[in-house]
Amino acid sequence: MAALFPLHPLPPPGADRGDVTWQRVAASIVAARSAGSGPLCAYVYDLETARRQAQAIRATLPSGWSLFYAVKANAHPDVLAALSGEVDGFEVASLGEMQSAISASPHVSTIFSGPGKTDADIDGALRRGVQLLNVESLHELRRIALIAERLGARAPVALRVNRRSPPELGFHRMAGPSAQFGLDEALLPDAVELARGYPSIDLLGFHLHAFSNNTDATAHARFLADCLAWSVTTAERHRLVLRVVDCGGGIGVNYVAGESPFDLKQFGAEIAGITGPPDTMLVLELGRYMVAQAGWYAAEVLDVRSTHGRHFAVLRGGMHHFRLPSAWRHDHPFLVVPVDDWPYPFSRPEARNVPIDVVGELCTPRDVFARSTYVETLRAGDVVVFPLAGAYGWEISHRDFLQHPHPKFLILPASSNAEPTKGLGPVTRGSADL
Ligand SMILES: Cc1ncc(COP(=O)(O)O)c(C=O)c1O
């Protein structure tokens, strides 16, 4: 086994020289490749990284704040089980996610969101003891009231409000004129009056999730302070006892090398003074920032070729497994685990010291992980590994398009039980983009 060659100009998080987690990831890939029959394609998840990240976030939160994990980011049963001991509950957006949450942790608290809830969703969530239902419209509120009444229950609800002046933060905007989520703020008086008229509705407060992938810690803390101030004023105006302010998720990850990451320490300093009225639960429901760093997507190089003077590495995998880079149209950072075995009696396709496009196995020109990224060496049979694949990787991918086999899922053994890493050379830094 030769050295590990990172290919991206800057090593992605978890890939620095001597990084213990990366060494464990690479060792698990080598072991899985030797044990398997066909070319390797796998997600690798590290539960310790996920747990550590949850603990680090929790340590920054002042009292009064609850930390929920947004299951949509990564619903692998082992990830849910690992996080269930670190968070106050799970945010779910379907009955399927609710069932996964309960399977991982039978008494877990759940918050149920989603722009299009069916009657069956509402009924199922109430029967399963949901802690908070985020309401998206007057019609949904009426249906919740009716279903709760039939069940003899009182539905705990928060109104999801699309505010007049939503923050301009993050990569994905989920509030404002172009977003389909939540009640228009202008409808708030109607919604509060409607809720008051139903004995089966317990109106607890507001839900204000507004964006995803914000990497500015100061701006995020300001957003939370603003959510709280708005909720307190709005509750006073409507003579509501404010018991919940759910600020949603949205803390982000920099996928592009060279950009600065979310500064958790700074966030902790800024959020320290942000507390609500007594007995008001303040909620963060984080997905991406909790698990992005806990996952890697590994795919073996099937072929290396040149067309019209451009170099391509074709992987046994693609956007049907890991759609994030093509969906966001960024060049995802990657590393390579070199594999010296070569089973064929003819020469091995390779690229050396060239910019290369790393692409998937699908019949679509959109199946691209990274374009024109400089590689020292990349050969058919090597394994390309994409870090920061733990959030919105497998979960958002159209996995059955073209009916290729699904990837394997490898869970790293606890580091105290890990085998010493054999046959792996030191991680070295790559060269700059051409
Ligand atoms: C209602 C709600 N809460 C939380 C999240 C998690 O967001 P993020 O992964 O950006 O933290 C989402 C993501 O879309 C969401 O829709």
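**Asking what the labels rest on**

Colleague: Why is Asp-400 called exposed?

Modeller: Asp-400 has 9 C-beta neighbours inside 10 Å, and a residue is exposed if 12 or fewer other C-beta atoms lie within 10 Å of its own, buried if there are 20 or more, and partly exposed in between, with C-beta atoms placed from the backbone. Asp-400 therefore counts as exposed, since 9 falls under the limit of 12. This is a predicted model, in which local features need pLDDT of at least 70 and side-chain atom pairs count only at pLDDT 80 or more, while totals for chains, interfaces and linings use all residues. Residues are numbered from 1 along each chain as its sequence is written.

Colleague: Where does Asp-400 lie, and how far is Asp-400 from His-320 in space?

Modeller: Asp-400 is placed in the loop between E19 and E20; helices (H or I, at least four residues) and strands (E, at least two) are DSSP runs, numbered from the N terminus. Although 80 residues separate Asp-400 and His-320 in sequence, their C-alpha atoms are 7.0 Å apart.

Colleague: How do you know whether Leu-388 is buried or exposed?

Modeller: Leu-388, which belongs to the loop between E19 and strand E20 (408–411), has 24 C-beta neighbours inside 10 Å and so counts as buried. Gln-403 is also in the loop between E19 and E20, but with 8 such neighbours inside 10 Å Gln-403 counts as exposed.

Colleague: Which sign does phi take in Leu-388 and in Gln-403?

Modeller: Phi of Leu-388 is positive, near 55 degrees, in a residue other than glycine. Gln-403, not a glycine either, has a positive phi of about 60 degrees.

Colleague: What makes Asp-263 partly exposed?

Modeller: Asp-263 has 15 other C-beta atoms within 10 Å, a count that fits neither end of the scale, so Asp-263 is called partly exposed. Asp-263 sits in the loop between strand E12 (244–246) and helix H9 (264–271), and its C-alpha is 7.4 Å from that of Asp-216, a residue 47 places away in sequence.

Colleague: How do you know that both faces of strand E19 are covered?

Modeller: In E19 (residues 383–386), Val-383 and Val-385 on one side and Val-384 and Phe-386 on the other are all buried.

Colleague: Why do you say that E14 and E19 pair?

Modeller: Two strands pair if DSSP finds at least two bridges between them, and strand E14 (residues 295–307) and E19 share four, so they pair, in the antiparallel sense. Ala-298 stands opposite Val-385 of E19. Strand E16 (residues 335–337) also pairs with E19, antiparallel, over three bridges, and Val-336 has Val-384 in E19 as its bridge partner.

Colleague: What makes strand E10 mostly covered, and in which sense does E10 run with E7?

Modeller: Six of the seven residues of E10 (residues 201–207) are buried. Strand E7 (residues 155–162) is joined to E10 by six bridges, and these two run parallel; Ala-155 stands opposite Ile-201 in E10. E10 also pairs with E12, in the parallel sense, over three bridges, where Phe-206 has Val-245 in E12 as its bridge partner.

Colleague: What is meant by a nonpolar core, and how many residues has the largest?

Modeller: A nonpolar core is a set of buried Ala, Val, Leu, Ile, Met, Phe, Trp, Tyr and Cys residues joined through C-beta atoms within 7 Å. The largest has 128 residues, and Ile-29, Ile-144 and Val-385 have the most contacts inside it.

Colleague: Why is this core said to lie between domain 1 and domain 2?

Modeller: Domain 1 (17–46 + 293–432) and domain 2 (75–286) both give residues to this core, so the core lies between them; the domain bounds come from an automatic or database domain assignment.

Colleague: Which residues does Ile-29 touch?

Modeller: Contact requires C-beta atoms, placed from the backbone, within 7 Å. Leaving aside residues up to four places away in sequence, Ile-29 touches Leu-40, Ala-42, Val-44, Ala-298, Val-337, Val-383 and Val-385.

Key: Two residues are in contact if their C-beta atoms, placed from the backbone, lie within 7 Å.
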